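Please look through the two-chain model shown below before reading the report. The text is meant to be read with the sequence and the structure side by side.

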Amino acid sequence: MELSGAEIIIECLKAEGVDYVFGYPGGAVLHIYDAFYNQDDVKHILVRHEQGATHAADGYARSTGKPGVVLVTSGPGATNAVTGIATAYMDSIPMIVITGQVPKHLIGNDAFQEVDSVGITRPIVKHNFLINDVNDIATTFKKAFYVATTGRPGPVVIDIPKDITAEKIAFEYPSTIEMRSYNPTVKGHNGQIRRAVDLIKSAERPMIYSGGGVILGNGSEQLRTFTRSLGYPITQTLMGLGAFPATDPLSLGMLGMHGTYEANMGMHHCDVLVAIGARFDDRVTGNLEKFCPDAKIIHIDVDPASISKNVKVDIPIVGEVAPILNAINKELAGSAELTNKGAIEKWWAQINEWRAQECLKYDRSSDIIKPQFVVEELYKATNGEAFITSDVGQHQMFAAQYYGFDRPRQWINSGGLGTMGFGLPAAMGVQLAHPGEMVGCITGESSIQMCIQELSTCLQYSLPLKIINLNNGYMGMVRQWQEFFYEKRYAMSYFDALPDFVAVAESYGHIGIKVEKPADVRPALDEAFKQKDRLVFLDFITDREENVYPMIPAGAGLNEMILV
Amino acid sequence: MVYEVDNTEAVEMKHIISILLENEAGALSRVAGLFSARAYNIESLTVAPTDDPSLSRMTLVTTGTDEIVEQVCKQLNKLIDVVKLVNLTDDAHVERELILIKVKAENEQRDEVKRIVDIFNGHVIDMTDSTYTLEVTGDSEKIDAVLKALESITMLEVVRSGQLGMGRGNKGMV
């Protein structure tokens, strides 16, 4: 039987086990939408803006490990998706973005809604394709899913001219694919693994520094075994939170610009650093010249280009985190008792001194709502079990610092690109993938307005999200930097005309609650989570000028933190 | 390359890199785009299909410290269209570049130009009453030397191919 290009696209998605596609129709993809109309296997979620589609697919991917799928039209459909594609690219999230294109004979003619989607997205995708022939659709989809989900994952764009989606051919989906130019490394080099184990065993002041790669590579179990069998301290990046439980005493919390004092001091003074699925981002290292001055560094990463990019390492191991940690754990289990026990005890005593600084303390007696307090109460109200998405800014840091994430894929935020507007649509993707689970979006009054139109999508698909709006009237992180570095000249960081968020929520058909007193925080949260089938928008009026502490100022080393 | 740990000092050096890539639309712009996006230098770049029409062979000359060039190679290798990459710089290899020069050649200058071309084993491949078009091949130093030798002659047009490179020895790149 012959199928149209559009029907073939649906068949490809089915063959890849896709259950949701996030999209928005338009001229160039109408054949594809027509094919959606005739089937129920792949469900389509209609967003209100293409950026929302990409973030929703992204949230779906981050919370499940499966690739998120997006379908948008040519021209503005594709350009609106660009922010979301770049967001996924920076955090290595597997995503397939299908963009419609004008018919082949019009390409290059400045046709209506024509844009060079492949050209525009080239620097922000792992790879992209322009399909020229209906016969190439199936193999291209097979390649796209393979590339997006293997090695260091990332978004892949498939641009499809409209005429191709109407042509009919016999359909066959390839069961396997081979690409001579793409063979990601899986297993680590045995010699390197043995060298790493020797160094790990001889450490006197070790630190484990793990990142988002552990979550992407499903290496959380292996990381727990590794860390606990050694009893070494571990710190996690913003992207890595949850891979190792925050509640475990070995966890020193997050590191970097707004990391904990004990994590950053531990990094600075360690003699052996084990970096796992982390990429030495500038928000983590601070001043590179002052970074880990005494440490021998082991770096496990699936991407060879991440090795020695910012920081020169001593023992690189290229490959997937899970099999490499398995091999290391096996070596450790088979080796003699560690002889560095005394040194490690001394090291922990030092770390506990740093811990005693209680760098995350804040004024709990305030009669104004502190943003940190809201996050702590949210943790209690949800028993620490909710999926939490965030937008970008102060609230994102408060969420990372005060909600202790105990499982991988529980904490979903835009770390690399830092995209305001990410939180709400991402939470939609999470909720669709996990019906019945608690999903909270910690946001601020500035970020939430960047994709607030998705409240309408939430009503259409009955997504009972809980939106925790930390409303201080400022773009908080911008204001904080202006306070510190621009002598409080608050240029354009204050909104003079904020909407009534309760009314906004209600006009979209949801429940809105405004909370102004600390005593009302917990009851409001409890009330919100009681609403199992309704979205509740909680507008917390918080301390206007609270800052995120501790902080490493630009140019400083990890040992030069500003505490409260 | 991945496991190399070098301790050389941060000196900027010229590197010649050979790349086999899929002969597909957009492959060239992926390579060129990578250089501009990551602020790497590109001195010259030549590309054309090989005996296998599904593959293109590119020779790329870049300058940078060893660390930067290592990153350049890793980032290039990451591109899905790149099938194979070799940094020819440190191993024995041959390099060739071709230059075409249109010069003013009138009266006694006609003999002078012809002599220079002969010295560099080049050819006059086109002529008019008042001009010669010259062709010279060689490594970059030789090409630079030709240009220097012709300094006193009025050059109307100069086009260089950029360098081509190939490793010495009995092995091919694939």
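The report that follows takes up the model and its confidence, then each chain, and then the contact between the chains.

## Basis of the model and confidence

This is a predicted model, in which local features need pLDDT of at least 70 and side-chain atom pairs count only at pLDDT 80 or more, while totals for chains, interfaces and linings use all residues. Residues are numbered from 1 along each chain as its sequence is written, and chains are lettered from A and ligands numbered from 1 in the order in which they are written.

For the complex, the predictor gives an ipTM of 0.91 and a pTM of 0.95. Chain B has a mean pLDDT (the predictor's confidence in each residue, from 0 to 100) of 93, with 94% of its residues at 70 or more. Among the elements of chain B, the lowest mean pLDDT, 94, belongs to helix α1 (residues 27-37), and the highest, 98, to strand β7 (residues 131-138). Where pLDDT is low, the predicted coordinates should not be read in detail.

## Overall form of chain A

Chain A contains 20 helices and 20 strands, where helices (H or I, at least four residues) and strands (E, at least two) are DSSP runs numbered from the N terminus. Its C-alpha atoms fill a box of roughly 75 × 60 × 40 Å along the principal axes. A compact globule of 564 residues would have a radius of gyration near 24 Å, and chain A agrees with this at 24 Å; the radius is taken over C-alpha atoms, and the globule rule is 2.2 Å times the number of residues to the power 0.38.

Of the 564 residues in chain A, 56% are buried; a residue is buried if 20 or more other C-beta atoms, placed from the backbone, lie within 10 Å of its own, exposed if 12 or fewer, and partly exposed in between. Contacts, meaning pairs of residues whose C-beta atoms, placed from the backbone, lie within 7 Å, often join distant parts of the sequence: of those in chain A with a separation of 6 or more, 77% are between residues 24 or more positions apart.

## Core and helix α6 of chain A

The largest nonpolar core (a set of buried Ala, Val, Leu, Ile, Met, Phe, Trp, Tyr and Cys residues joined through C-beta atoms within 7 Å) has 195 residues, and those with the most contacts inside it are A:Ile9, A:Val70, A:Ile96, A:Ile158 and A:Leu273. Leaving aside residues up to four places away in sequence, A:Val70 touches, among others, A:Phe22, A:Ala53, A:Ala81, A:Met95 and A:Ile98. A second, separate core of twelve residues includes B:Ala105, B:Tyr132, B:Leu134 and B:Leu150.

Helix α6 of chain A (residues 137-149) is mostly covered, with ten of its 13 residues buried, including A:Phe141, A:Lys143 and A:Phe145. Among the elements that cover these buried residues are α1 (5-15), β5 (95-101), β6 (127-130) and β7 (155-161) of chain A. The 13 residues of α6 should span 18 Å at 1.5 Å a residue, and the end C-alpha atoms are 18 Å apart, which agrees; the expected span is 1.5 Å times one less than the number of residues.

## Local features of chain A

A:Leu130, found in strand β6 of chain A, counts as buried because it has 22 C-beta neighbours inside 10 Å. A:Leu130 and A:Thr99 are 31 residues apart in sequence, and their C-alpha atoms are 9.5 Å apart in space.

A:Gln113, in the loop between β5 and α5 (117-121) of chain A, has a positive phi of about 55° although it is not a glycine. A cis peptide bond, with omega about -10°, joins A:Tyr549 and A:Pro550, and A:Pro550 is placed in the segment after β20 (536-541) of chain A.

## Chain B and its contact with chain A

Chain B has four helices and nine strands, and 26% of its 174 residues are buried. B:Ala39, in the loop between α1 and β2 (44-49) of chain B, counts as exposed because it has 7 C-beta neighbours inside 10 Å.

Between the chains, 16 residues of chain B are in contact with 16 residues of chain A. On the side of chain B that touches chain A, at least two residues come from each of α1, α2 (66-78) and β4 (82-87) of chain B. By class, that side has six nonpolar, five polar and five charged residues, where Ala, Val, Leu, Ile, Met, Phe, Trp, Tyr, Cys and Pro count as nonpolar, Asp, Glu, Lys and Arg as charged, and the others, Gly among them, as polar.

Technical notes. Contact = placed C-beta atoms within 7 Å.
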